[in-house]
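Reader: Hi! Could you walk me through this one with me? I'd like to start with the empty space inside.

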Amino acid sequence: MADALLTVENLSKSFGEKILFENISFGINAGQKTALIARNGTGKTSLLNILTGTVLADEGRVTFRNDIRMAYLPQNPLMNENQTVRDYVFASENKYVQAVNTYEKALLNIQQQPSQLHEKQLQDAMNMMDTLGAWDYENRVKEVLTRLEVSDLDKTISMLSGGERKKIALSKVLIDDTNFLILDEPTNHLDIKMIEWLEEFLSKQSLSILMVTHDRYFLDNVCHDIIEIDKGRLYHYKGTYNYYVEKKAERQQIERLEIEKAKNLYRTELDWMRRMPSARGTKARARIDAFYELQEKALQRVDDRKPSLSVKTERIGGKILEMYNVTKSYEGKTLVDDFTYTFKKSEKIGIVGQNGVGKSTFLNILTQALKPDTGNIVVGQTVQFGYYTQNGLKESDDRRVIDIIKDVAEVIHLENGKEMTATQFLRYFGFADTTQYNYYGNLSGGERRRLYLLKVLMANPNFLILDEPTNDLDIYTLEILEEFLENYKGCLIIVSHDRSFMDDLVDHLFVFEGNGKIRDYHSNYTDYMKAKEAEQRVAVLQKRDEKPKYERSKTTAKPTYKQKQEYEQLTQELQQLGDEKQELEALINGGTETDYEKLTQWSNRIGELNDLIDEKELRWLELDEIMG
């Protein structure tokens, strides 16, 4: 691995008797983008902490190449509460970051208080920017801060919400001059628009990435390698998430067959052991040693498949919920404007829109936690709401998990007439028997959110509202939740920034477009985005075609022979570049290539092609205007 930025050799880590991983080895090459998958509590964050030096391994070695410039985004960043956003984001030894920070401060000073001193400081800062050639870097800084909506740089950290902290921590690692990023759930607290920008930004960068994410679309669009920690061992897959799912199923099937074979042999050897109380010969002792190895394998459990689960919901009447001309404003901003809708049985609705556009307000109006300014809400007599909010579960730290769930119900009734105990339901959603008797205060943030989700589901509501249910869930739990909701018979409303989750579940979307406008779009999120992009392209073309002819003749002369040649050449080049990009994307997403260097080269080339296409399209549009 001559080109490896990171090499991990025979790494082991355990807490008490719990082994997180044992003798795992892997490497990350220059330009390689890798996703790390594991269940909650099985070692993802511990591994990242070992790599970043905040936790020591029990055994093994971690080696970084000498020229490594690494940045780490933890799931819950630790910050100095008294520091400003500006000081936090620009805290770097990188000379470009320092130059941009000095220039921005000088610009702000002269805007707030013009003076000769501030003019000189600004001129000095501009000279430094010129000397370093840092203006492109300043554009990068502005793009990152603008896209992640980090605007008030003089705000103190203590005044920020958890979501705002995650965004400025992400801004910091993206701004810094690094060649290796370690990211723990980078899409948490980002809206869909930010997530789509981030995946495009990371895809274009020629740097190495190791990241943990539950967002399967984000994973597919950024990473071309997957490593998984499962039962303490590490498995490597080169390809997309679907390729990983397929190959993992094949691996587990092989393991099941091997275990079944071991079980059959184990019965024979167990009978022999019972008849042979002592071993006097060398062969007998070897056979006894082999028996214990066989026993360990025969008693393994591989099959993680769970039966389909459908909870029996209370019968819902003909009248469910009706909204008539509902309007709601807050601090002069219209969040819902004259909205009318009648909810139908068993429909599954997704809600999408940027942060702050009124989605949570809309849900609170639905559940009558908020009153509309105008309009009426009519709720059917049989409707029983289950509302999972972003505020989380409020419980005493000294209460056990199982007792919290039993407060709701000790038995859950299923659609097929069978029953499931609270213990079985917890186990189904990934709470091991030992964890069920753990205290609430000892649970991680992800486990607390998962417990809150189960408490809402166990109440058997027939109108279920989930506001960002996927945050802090691992991919395994996410898939179980998806299957549960697919079988859910009541009305379902989901607010989520997880596009894959939405596409798999919803029948149609309420799209919050701003200024209180809510559009009912009858398809999934991916289809909606394709239609929206098509509408935007048509609008651009119409705007161009609607320009008065006299304006065109005034601003442009007839195209020259040279311009015609350039236009034709650019048209051909754009077609060739687009074809090359499609071919490379197909190769990468095919999941059949195993050569790291090829995958890295293809990924880097796609980034170059995107830049070339953007550059040439601008010139082509100019010439197209001249061509008429």
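Reader: Which residues line the second largest cavity?

Author: In this predicted model, the lining is made up of Val311, Thr313, Leu457, Asn460, Pro461, Leu464, Phe484 and Tyr488.

Reader: And how do the residues of that lining divide into nonpolar, polar and charged?

Author: There are 6 nonpolar residues and 2 polar ones, with no charged residue in the lining of the second largest cavity.

Reader: How much space lies in there?

Author: About 30 Å³ for the second largest cavity. The structure holds 2 cavities of 30 Å³ or more.

Reader: Switching topic: where is arginine 251 found?

Author: Arginine 251 sits in helix 9, which covers residues 241-275.

Reader: Is arginine 251 buried or exposed?

Author: Buried, because its relative accessibility is 13% and the cut-off for buried is under 20%.

Reader: What does the side chain of arginine 251 make polar contacts with?

Author: One polar contact, at 3.1 Å, goes to the side chain of tyrosine 237. Another, at 3.3 Å, goes to the side chain of glutamate 228. Leaving aside neighbours within four places in sequence, arginine 251 is in contact with Glu228, Asp230, Tyr235 and Tyr237.

Reader: Nice. What about the largest nonpolar core, how many residues has it?

Author: It has 57 residues, and those with the most contacts inside it are Leu148, Ile168, Leu174, Leu181 and Leu202. A second, separate core has 49 residues, including Val456, Tyr488, Leu492 and Leu505. Tyr488 also came up in the lining of the second largest cavity.

Notes:
Residues numbered from 1 in each chain as written. Predicted model: local features only at pLDDT ≥ 70, side-chain atom pairs only at ≥ 80, totals over all residues. Heavy atoms only, no water. 1 Å grid on protein atoms, 1.4 Å probe; cavity = no way out; pocket = protein on both sides within 12 Å on 5 of 7 lines; lining within 4 Å. Points joined across faces, edges and corners; volume = space filled by probe spheres on them. Nonpolar A, V, L, I, M, F, W, Y, C, P; charged D, E, K, R; others polar. Helix = DSSP H or I, 4+ residues; strand = E, 2+ residues; numbered from the N terminus. Buried < 20%, exposed > 50% of the residue type's maximum accessible area, 1.4 Å probe, protein only. Polar contact = N/O pair within 3.5 Å; in protein donor to acceptor, adjacent residues only side chain to side chain. Contact = heavy atoms within 4.5 Å. Core = buried A, V, L, I, M, F, W, Y, C linked by side-chain atoms within 4.5 Å.
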